Amino acid sequence: MGDHLFEVDGVHVSRLEDLRLITGAGTYAADWNLPGQLHAHFVRSDRAHAKIVSIDTTAALKYPGVAGIYTGEDAVRAGYVRGVTFLNFKGKNDMEGRIPERPAMAHGRVRFVGEPVALVVADSALAAQDASELIRIDYRDLPVVIDPEAAVRPGTAQLHESVPENTPFEYEAGDKAATEAAFAKAAHVTKLKMESTRVVPNPLEPRACLIAHDPKNESYTVHVCIQGMNMMKRQLSAYTKVPEDKLNVIARDVGGGFGQRSTAYPEYCAVMIAAKATGRPVKWVSSRTEGFLSDTHGRGNIIEGELALDKDGRFLAMRLNWLADMGAYLSPAGPVSHIRNPTTCLTGVYKIPALYGYWRLAVTNTAPIAAYRGAGRPDIAYAIERLVSNAAAELGIDAAELRSRNFIQPEDFPYKTPTGTTYDNADLPGVLAKALELADWKGYTQRLSATEKTGKLRGIGISTVIENTGAGMYPKDEVELEVGKDGVVTLYTVAKSQGQGHETTFAMMAAKVLEIPAERIKVVQNFNDRALIGNHTGGSRSMVGAGTVCHIAAEKLVQHGKSLAAEALGIEPSQVSYGAGEFRGPESGMKITLAELAQKREVKIKGEGTFGTTYPNGCHIAEVEIDPETGVTDIARYMTVDDCGVVVNHAIVEGQMHGAVAQGAGQVFGEHAIYDKESGQLMTATFSDYFMPRAGMLPDIVMAEHATASRINPLGIKGMGESGCTASLGALVNAVIDAVRPLGIHHLDMPLTPAKLWTEISAKRGTARA
Amino acid sequence: MYSFNYVKPGSLKEVNDFLASNPEARPLAGGMTLIPTLKARLAQPSHLVDISALEELKGIEVRNGALVIGAGTTHAEVARSTHVRDAIPALAELAFHIGDPAVRNCGTIGGSVANNDPAADYPAGVLALGATVVTNRREIAADDFFQGMFTTALEPGELVVRISFPKPRRAAYEKFAHPASGYAMTGVFVAQTNGGIRVAVTGAGPGVFRWSEAEAALAKAFNVAAVASLTMPAADLNEDIHGSREYRANLVRVLTKRAVARLAGR
């Protein structure tokens with residue numbers, strides 16, 4: 001199967017949606033308006049943990065233009081008290097998840113700064129905000145719990161009555177006894193305690209919704225930012241008990257998701273209450289600071305890891321003790337993604353005979369944590385890759401050599417891991433060899449000496465990773481194709497691009513089969529008039545799932561079209577051939593185009609597929625230079641070799657990789673959601689205080705592909721939207737630690753800010769002088 | 001943002017009169033600080049008095065050997081002005097590194113100096129160059145103008161009209177941009193003026209200040225070694241989640257050294 005299967009004459013198909021998006025013609029959630037709409041403003045908790053003694057809305061209700069004010073009491077009365085949390089598996093000792101209630105607005109108690117307490121709707125956004133300042137809330141403060149390690153300690157103040165020791169769930173995977181036995185006979189054990197820091201995903205588009213209630217049939221129209229309509233309907237329905245078919249979810253363009261846009265947030269449910277009560281559409285647009293406070297956060301894992309090796313540097317066992325901060329409430333995807341994804345890839349790319357992991361979830365007085373680009377995959381890969389590089393350094397073995405010695409070999413695939421996963425296909429030695437060559441691994445010592453002459457520190461870091469992509473929560477992915485009378489094929493999917501470029505890639509998939517230009521395929525990702533089963537876009541799944549079904553559906557359309565054409569042409573279907581939008585009979589001139597066929601009768605079909613999980617893998621190598629005078633790190637070189645199977649659109653794959661590596665670099669060098677430990681205030685609630693990665697941080701990334709076709713996906717495709725995050729955390733941190741290891745530093749937690757590096761480096765150098 | 005009234009007077013005199021009779025009114029030039037403050041509902045002026053188009057506040061010229069910049073001149077205009085680049089290239093460079101293009105196209109020198117944000121760039125240049133701040137009422141020497149965090153010698157209703165920079169013999173500005181905001185986490189402006197060596201530090205402390213020890217050391221020997229052996233006392237510097245006071249003290253020394261290196265190398 002050729003690399004360039006989906007590229008016409010070797011030319012990249014440029015993104016069909018870009019003209020609309022870059023000329024400001026996109027329609028985002030806040031761009032929708034309805035006649036007679038009201039505007040919403042939320043009053044949010046200004047404290048981290050407190051009992052709500054009273055809420056006085058009298059003065060605010062009299063403010064000109066105010067149409068209604070709603071609080072937690074309204075949420076409880078409506079029964080909007082519990083969102084869905086996908087925690088449908090048992091934990092350690094058959095433990096059931098303790099999922100606390102979360103009324104759409106706080107009821108009786110607030111548990112994090114920014115939690116919605118009241119909703120004001122008024123004729124204008126200004127009036128709603130003005131009136132909200134007249135609401136008087138009397139709180140009684142409770143002890144604030146920010147640090148997840150402190151949260152689960154006995155005796156710490158409890159957030160929820162139903163969650164003893166602030167521990168909603170404990171889970172274990174692997175074989176504890178075998179792991180302990182392997183550690184007992186190990187020649188070397190390397191240990192690290194690592195934090196994958198809490199970060200704020202910060203999509204460019206702020207959260208927003210516009211919701212109208214139709215009393216005639218008790219239905220709602222919900223304009224909102226989504227990652228897929230089915231997931232939003234399912235979650236909103238679970239929260240509000242409004243049946244899914246009474247929820248018309250509408251979204252056109254979505255400006256970034258990263259997992260943060262898959263959640264049906266309580267604010268949406270609160271706006272539903274207001275829309276029903278007032279009988280008018282209600283619009284809410286989040287400010288950026290509200291986003292920092294109340295959009296779900298990402299990562300937030302503290303991982304203690306140990307790797308046992310024999311005298312030859314072969315891995316014997318690994319064990320992890322994982323504490324996952326979930327924030328004040330359990331988000332839909334937070335628990336499952338921070339447990340299941342690490343479990344799935346617990347062995348990384350290595351043959352490790354014995355594995356054991358223990359997970360504990362903690363609730364704290366902070367914003368809830370959910371999936372964030374990679375959702376547990378970057379965290380597990382980071383932990384493993386830090387351990388492996390640390391072991392290599394401690395044993396004096398080349399970091400690439402130690403990896404190579406322990407790789408799962410090409411002939412081992414499909415490979416069943418100790419935690420029950422089956423990796424589909426990879427050529428890890430091939431990936432590594434290509435990466436080492438691309439990075440000129442052997443020539444590093446020369447570059448190191450050149451750097452040392454300038455007084456700077458240089459380090460090289462490597463990570464070799466694998467991750468689970470595809471699958472999903474729905475039993476299959478469906479795609480519908482319908483031919484218009486003009487021959488344009490409309491492609492319906494419930495996957496939703498938030499930047500991934502489905503309008504291009506899905507069109508390419510169908511266009512390739514139909515032999516018509518991709519521009520003749522119109523991709524529709526949101527509709528309420530036809531029920532399609534399928535997953536949202538997340539977990540790097542859409543090209544593996546819905547995208548592949550585009551291909552299958554197009555093949556089915558050709559077959560279906562042949563029988564319709566045969567009827568129209570008065571011949572047998574077996575006599576019909578298809579090419580470039582035309583059905584032809586055996587005699588010349590005997591033909592009918594897709595458009596002509598559609599003019600005669602309806603031409604539409606539904607394709608479907610279920611493909612399971614694919615395992616992209618790769619090797620990233622980073623080199624950094626650190627200025628010891630300022631602590632500033634410059635990423636001097638960055639190389640990637642990735643195996644995401646068959647590539648549909650190279651430009652989009654490269655773009656995904658660039659973005660994900662940048663997000664990884666952001667987390668490594670600066671992003672950090674910091675709560676004040678005493679007050680529980682978010683100290684980084686604006687872009688003045690919250691670091692975001694900038695384009696100038698990265699050098700030109702040198703990229704190569706090393707594809708092995710997926711054995712799960714019929715087209716050989718593997719997912720890849722998140723793998724750049726998964727590989728970059730380890731590569732970059734390993735590079736920085738390599739640079740400072742000669743000073744006696746063997747680990748530092750992210751973010752590796754200039755101030756932190758300067759402090760650590762100068763402390764070690766000061767000690768050395770004394 | 002609370003509601004406010006908007007007025008756009010046609011002359012500086014009208015502005016003065018309006019501000020005198022409306023004590024809760026605030027002048028609006030580039031709005032790069034005021035607008036975010038309003039959006040966060042941290043201020044509630046009765047009126048915004050738009051002074052952004054006043055000709056009397058515009059223009060860059062060299063007058064009697066001094067570079068005179070109208071208060072309403074944007075950072076972008078300063079950065080690309082040939083007058084500034086010829087007379088004080090370090091000042092053009094400073095302006096070029098403020099914010100991003102959108103900020104530079106709106107923000108003004110007068111607004112920056114009058115606001116005296118402790119992490120703003122211009123105060124370092126104005127102070128190190130020994131500039132004179134000319135207001136609608138008087139002339140104020142830079143050494144008297146800046147009085148600590150967001151505090152200046154300006155009185156209510158007093159507006160910065162222009163700033164006059166005596167041409168230094170040479171000058172350089174080194175900035176360490178805050179990783180998140182892009183403001184100066186520390187910025188050091190070193191100028192060899194006719195009145196001697198002046199070193200002004202922004203970002204590191206509660207307000208712009210002169211580092212007198214460095215000035216004295218550089219007066220004796222204008223070279224990197226003179227600065228390298230100095231220690232900036234950390235006690236009075238800023239400390240926050242982005243860096244300790246010791247880190248900022250280190251940056252003051254390192255940036256001073258780098259500014260001197262650039263000048264000594266010229």
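In the predicted model, helix α16 of chain A (residues 543-569) is followed by Gly570(A), whose phi is positive, near 75°. The helix itself contains 27 residues and spans 36 Å from its first C-alpha to its last, close to the 39 Å expected at 1.5 Å a residue. A comparable description applies to helix α11 of chain A (residues 377-395), whose 19 residues reach 27 Å between the first and last C-alpha, close to the expected 27 Å. After α11(A) comes Gly396(A), with a positive phi near 70°. Helix α11(A) is mostly covered, 16 of its 19 residues being buried.

Positive phi values also occur in chain A at residues other than glycine. Most residues other than glycine have a negative phi, and most peptide bonds are trans. Asn202(A) has a phi near 50° and is placed in the loop between β8 (188-199) and β9 (208-214) of chain A. Asn202(A) is buried because 20 other C-beta atoms lie within 10 Å, and 20 is the lowest count at which a residue is called buried. Ala580(A) likewise has a positive phi, of about 50°, and belongs to the loop between β23 (577-579) and β24 (582-584) of chain A. Ala580(A), however, is exposed, because 11 other C-beta atoms lie within 10 Å and a residue with 12 or fewer is classed as exposed.

Two cis peptide bonds in chain A may be described next. The bond from Phe413(A) to Pro414(A) is cis, with omega near -5°, and Pro414(A) lies in the loop between α12 (399-406) and β16 (415-416) of chain A. The bond from Met750(A) to Pro751(A) is also cis, with omega near -5°. Pro751(A) is located in the loop between α19 (723-740) and α20 (754-769) of chain A.

Strand β29 of chain A (residues 632-643) is mostly covered, with nine of its 12 residues buried. Strands of a sheet pair through backbone hydrogen bonds, either parallel or antiparallel. Strand β29(A) takes part in both kinds of pairing: with β28(A) (residues 617-627) the sense is antiparallel, over 11 bridges, and with β30(A) (residues 702-705) the sense is parallel, over four bridges. Within the antiparallel pair, Glu623(A) has Arg637(A) of β29(A) as its bridge partner. The hairpin of β28(A) and β29(A) has four residues between the strands, and there Gly631(A) takes a positive phi near 80°. Within the parallel pair, Asp642(A) stands opposite Glu705(A) of β30(A).

The loop between α18 (650-669) and β30 of chain A contains Thr684(A). Thr684(A) counts as buried because it has 21 C-beta neighbours inside 10 Å. Ala673(A) is 11 residues away from Thr684(A) in sequence, yet the two C-alpha atoms are 5.8 Å apart in space. Apart from neighbours within four places in sequence, Thr684(A) is in contact with His672(A), Ala673(A), Ile674(A), Asp689(A) and Tyr690(A).

At the level of domains, chain A is divided into domain 1 (18-25 + 472-609), domain 2 (32-142 + 204-256 + 261-294) and domain 3 (375-467 + 613-769). The centres of domain 2 and domain 3 of chain A, taken over C-alpha atoms, are separated by 38 Å. Eight residues of domain 2 are in contact with seven residues of domain 3 of chain A. On the domain 2 side of this contact, four residues are nonpolar, two polar and two charged.

Chain B is assigned domain 1 (1-49) and domain 2 (170-264), with 35 Å between their centres over C-alpha atoms. Four strands of chain B form an open antiparallel sheet in the order β9-β10-β11-β12. The edge strands, each paired on one side only, are β9(B) (170-177) and β12(B) (209-210). Strands β10(B) (residues 184-193) and β11(B) (residues 196-202) pair over seven bridges in the antiparallel sense, and Phe189(B) stands opposite Ala200(B) of β11(B). Helix α10(B) (residues 212-220) packs on the sheet, touching β11 and β12 of chain B, and its direction makes about 150° with that of β11(B). Helix α12(B) (residues 245-264) lies across β9, β10 and β11 of chain B and runs at about 40° to β10(B).

The contact between the chains takes 13 residues from chain B and 16 from chain A. On the side of chain B, helix α12(B) gives the most, with four residues. By class, this side has seven nonpolar, six polar and no charged residues.

Technical notes:
Residues numbered from 1 in each chain as written. Chains lettered and ligands numbered in written order. Predicted model: local features only at pLDDT ≥ 70, side-chain atom pairs only at ≥ 80, totals over all residues. Pairing = 2+ DSSP bridges. Helix = DSSP H or I, 4+ residues; strand = E, 2+ residues; numbered from the N terminus. Contact = placed C-beta atoms within 7 Å. Axes fitted to C-alpha atoms, helices over the stretch in contact; angles between N-to-C directions. Domains from an automatic or database assignment. Expected span 1.5 Å × (residues − 1). Nonpolar A, V, L, I, M, F, W, Y, C, P; charged D, E, K, R; others polar.
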